Amino acid sequence: MDMTDKFYDVVIVGAGVGGGAMANRLAATGARVLVIERGTYLPREADNWSVKAVFHDKKYTTAETWRDRTGKAFNPSTFYYVGGNSKFFGAATVRFRKEDFEDLEHEDGVAPAWPVSYDEFAPYYDEAERLMGTHGTAGEDPIEPPRSGPFPHPAIGHEPEIQAIADKLRVKGLRPFSLPIAIDRHEGGACIRCATCDGFACKLGAKNDAEVRLVGPALKTGLVDLVLETKALRFLTDTTGRKVTGIEVEQDGHRRTINGDLFISAAGAINSAALLLRSANDAHPNGLGNNSSDQLGRNYMAHNNTAMMAVNPFRKNGVTFQKSLAINDFYFANDVKPYPLGNVQGLGKLQGGMLTASVPFIPEWLMDRFAERSVDWWLMSEDLPDPENRITLDSDGTIRVNYTANNLKAHRELVKHWSRVMRSLGYPIVLTQKMDITVSMHQCGTARFGDDPATSVLDTNCKAWDLDNLYVVDASFLPSSTGFNPSLTIVAQAIRTAEHIAANVLRAEKVA
Ligand SMILES: Cc1cc2nc3c(=O)[nH]c(=O)nc-3n(C[C@H](O)[C@H](O)[C@H](O)COP(=O)(O)OP(=O)(O)OC[C@H]3O[C@@H](n4cnc5c(N)ncnc54)[C@H](O)[C@@H]3O)c2cc1C
Ligand code: SF4
């Protein structure tokens, strides 16, 4: 599609969760919207569910190289497709807690309050769950924030092995609950409840990712254009620096400029920061939107994440879809420690080959034996915003992820305690692997929103303080990472921003 001869009211960079939700909501306003996506559609094919293709050959992962803080190059496990990283997500669509929107004291510091309260955000969570088609049971999660009603769909339920664990946990005084999940698993739904969901793409299109639930319906309205294999290189501004006038893109090896009225960066927390840094000009010498605060790219967070296999050598685990159960008893200060530890949730069922992809020296037959007999968990603890944890660009343009993990003591306690719980339930062998810098799946925080231009990049509607027509609507806006999966909150914020733009910006322009 040649979009250089067209003029768009809104141009969105990135067809992932944030960009998809924006396009979806703005489609209803009658605005002319263009979405620019560097990737293509991910083909629905047998390899979607192949451990070899996904984990060993990394068929779908970007081949891009980034660098860590020491300058060491690494290949990030990130995905550039229509739908963004959500093509491979585990579909856990969880609300942050009321307390996450307030100052929350952790072992290693304070997670800062948000500029909006949970109560203000809650209606957008209602809408986000509806858009994403979340399954869950209201009232089960012991620290559930207030909600206006039931989930759009009932919980997907536990298979016998997981139900047995839930029952045993209850006997121990814990309060396990159904993890809210966005898959098409209900009467008439296309999901067959397979073992290759979390970390894989869905070959049936039954996972409620951003392509299926957000971008696809937006395109169906006929009001949104999507251009593929087009990489945004930099935003261009007028001489005052207040107004973005266009985006320079690379398409088919050529550079072109796309014009528009209003621009939205939704390239993901790392790529949005890189894009704005790359857009530096005379009016914005340190990157677009960075004049007031010098916060652009800073406060990068990605969670402390550990995958755990709890093995009972004498019993096979016949479960197929394991990501149905979660535990929040340690999310805040708790009986084990007087500070928050994090969330525990089922991990998609591990297979031997998935483990040997990252630990190649252990024979696959041994890992297969373990995986057949294991219950697998994802343990997630909050990491705290640190201005020195930041995305920068090297002189050759390569993205550098300067990151040193923090709040690690709490995470180690969570891993230690959950290992203990697993052993007490009859799983004597516990193997853990902490995720490293290559696993940037929960990347966030690089352009945080706030109510003070001196300490935030975006205002409370996600507009860059320093510009009149530039918004950032992806995981970049999060001022704290919380201990939960981010995608539902990104969708909720996009809905909120789209509502603001529709009511106050597009309408105002039409009136003028
Ligand atoms: C294996 C895995 C499991 C996960 N599980 C869960 C889960 O269970 N629950 C959950 O909530 N979250 C999960 N996540 C995280 C979730 O997928 C992300 O938080 C979410 O997708 C981030 O949305 P975003 O809009 O910020 O960015 P993305 O979804 O990454 O979208 C960014 C889009 O921008 C495009 N893009 C980037 N740069 C450019 C450019 N310069 N020009 C044009 N286009 C560009 C990308 O191709 C992409 O489509 C998981 C992620 C992974 C990888
Ligand atoms: S569990 Fe359902 S949604 Fe997930 S990959 Fe399998 S069929 Fe698709």
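This tour proceeds through a predicted model, from a helix pair to a sheet, a pocket and two cavities.

**The helix pair**

Begin by selecting residues 17-27, helix α1, together with residues 210-220, helix α5. Their axes come within 8 Å and cross at roughly 35°, and the crossing is left-handed. To display the contact, show the side chains of V17, G20, A21, A23, N24 and A27 in α1. Facing them in α5 are A210, R213, L214, V215, P217 and A218. By class, this contact between α1 and α5 comprises nine nonpolar residues, two polar residues and one charged residue.

**The four-stranded sheet**

Next, colour the open sheet whose strands follow the order β4-β3-β17-β16, with mixed pairing. In general, the strands of a sheet pair through backbone hydrogen bonds, either parallel or antiparallel. The edges are formed by β4 (73-74) and β16 (390-393), each of which pairs on one side only. Now select β3, residues 66-68, which runs antiparallel to β4 and is joined to β4 by two bridges. Which residue of β4 is the bridge partner of W66? Labelling F74 shows the partner.

Keep the sheet in view and add helix α6, residues 269-278. Helix α6 packs on the sheet and touches β3, β16 and β17 (399-402). The direction of α6 makes about 45° with that of β16.

**The second largest pocket**

Select D68, Y403, D436, I437 and T438 to reach the second largest pocket; of the 19 residues in its lining, these are the closest to its centre. The pocket has a volume of about 360 Å³. Its lining divides into nine nonpolar, five polar and five charged residues. D68 also belongs to the stretch 66-68 that forms β3, which links this stop to the sheet.

**The cavities**

The model contains five cavities of 30 Å³ or more; two of them are visited here. For the largest, select R97, D141, E144, F151 and P180, which lie nearest its centre among 15 lining residues. This cavity has a volume of about 110 Å³. What classes of residue make up the lining of the largest cavity? Seven are charged, five nonpolar and three polar.

Finally, move to the second largest cavity, with a volume of about 90 Å³. Of its 14 lining residues, W49, C191, C194, C197 and C202 are the closest to the centre. The lining of this second largest cavity consists of 11 nonpolar residues, one polar residue and two charged residues.

Methods: Residues are numbered from 1 along each chain as its sequence is written. Chains are lettered from A and ligands numbered from 1 in the order in which they are written. This is a predicted model: local features need pLDDT of at least 70, side-chain atom pairs count only at pLDDT 80 or more; totals for chains, interfaces and linings use all residues. Side-chain values use heavy atoms; hydrogens and water are left out. On a 1 Å grid over the protein atoms alone, a cavity is a set of points where a 1.4 Å probe fits but cannot get out, and a pocket is an open set with protein on both sides within 12 Å along at least five of seven lines; lining residues have an atom within 4 Å of a point. Grid points are joined across faces, edges and corners, and a volume is the space filled by probe spheres set on the points. Ala, Val, Leu, Ile, Met, Phe, Trp, Tyr, Cys and Pro count as nonpolar, Asp, Glu, Lys and Arg as charged, and the others, Gly among them, as polar. Axes are lines fitted to C-alpha atoms, for helices over the stretch in contact, and angles run from 0 to 180 degrees between N-to-C directions. A crossing is left-handed if the near helix is turned anticlockwise from the far one by less than a right angle, and right-handed if clockwise. Contact means heavy atoms within 4.5 Å. Two strands pair if DSSP finds at least two bridges between them.
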